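Work through the following exercises with the sequence and the coordinates side by side, and try each task before reading its solution.

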Amino acid sequence: MTASSAPCRQGVAARGDVVTTRFAPSPTGALHLGHAFSAVRAHDLARAAGGRFLLRIEDIDPGRVREAHV
């Protein structure tokens with residue numbers, strides 16, 4: 001089974017032979033330990049597969065977003 005035909009885990013996308021993971025926090029408050037763990041885990045999965053890790057700041061709740069948390 002190739003990476004492109006293998007089922008993808010949540011937060012992990014495979015395109016061809018490149019694995020891409022992402023971390024997309026919403027900047028509505030301080031980063032907590034659970035978020036930090038998720039980011040490190042996603043980074044490590046991508047690195048182990050020779051892929052890439054993306055950080056995308058989600059601003060899906062504009063009324064609660066605080067610039068200080070970006």
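**Exercise 1.** Determine which exposed residues are carried by the face of helix 1 turned away from its buried side.

*Solution.* Begin with the extent of the element: in this predicted model, helix 1 covers residues 33-48, and its 16 residues reach 22 Å from the first C-alpha to the last, close to the 22 Å expected at 1.5 Å a residue. Next, apply the cut-off for exposure, which is a relative accessible area over 50%. On the face turned away from the buried side, the exposed residues are Leu-33, Phe-37, Arg-47 and Ala-48.

**Exercise 2.** Identify the buried residues of helix 1, and explain why they lie on the same side of the helix.

*Solution.* Here the relevant cut-off is a relative accessible area under 20%, and the buried residues of helix 1 are Ala-39, Ala-42 and Ala-46. Because these residues cover an arc of only 65 degrees around the axis, they are on the same side of helix 1. The final step is to ask what covers them, and the answer includes strand 2 (18-23) and strand 3 (52-55).

**Exercise 3.** Describe how strand 2 and strand 3 are joined, and state the handedness of the crossover between them.

*Solution.* Strand 2 and strand 3 run parallel, and four bridges join them. The chain passes from strand 2 through helix 1 to strand 3, forming a β-α-β crossover that is right-handed. Along the way, helix 1 is followed by Gly-50, a residue with a positive phi near 70 degrees.

**Exercise 4.** Decide whether Thr-20 is buried or exposed, and find its bridge partner in strand 3.

*Solution.* First place the residue: Thr-20 belongs to strand 2. Its relative accessible area is 13%, so Thr-20 is buried, given that the cut-off is under 20%. The bridge partner of Thr-20 in strand 3 is Arg-52. Turning from the bridge to the side chains, those of Thr-20 and Arg-52 make a polar contact at 3.1 Å.

**Exercise 5.** Place these details within the whole protein by giving the pattern that it follows along the sequence and the percentage of its residues that are buried.

*Solution.* Start with the inventory, which is one helix and three strands; read along the sequence, these follow the pattern β-β-α-β. Then turn to burial, where 16% of the 70 residues in the protein are buried. Finally, consider the contacts with a separation of 6 or more, of which 57% come from residues 24 or more positions apart.

How values were computed. Residues are numbered from 1 along each chain as its sequence is written. This is a predicted model: local features need pLDDT of at least 70, side-chain atom pairs count only at pLDDT 80 or more; totals for chains, interfaces and linings use all residues. Side-chain values use heavy atoms; hydrogens and water are left out. Helices (H or I, at least four residues) and strands (E, at least two) are DSSP runs, numbered from the N terminus. The expected span of a helix is 1.5 Å times one less than its number of residues. Buried means under 20% relative accessible area, exposed over 50%, partly exposed in between (1.4 Å probe, protein chains only). The arc is that of the directions from the helix axis to the C-beta atoms. Contact means heavy atoms within 4.5 Å. Two strands pair if DSSP finds at least two bridges between them. A crossover is right-handed if, with the strands pointing away from the viewer, the path from the first strand over the helix to the second runs clockwise. A polar contact is a pair of N or O atoms within 3.5 Å; within protein, one must be able to donate a hydrogen and the other to accept it, and residues adjacent in sequence count only if both atoms are side-chain atoms.
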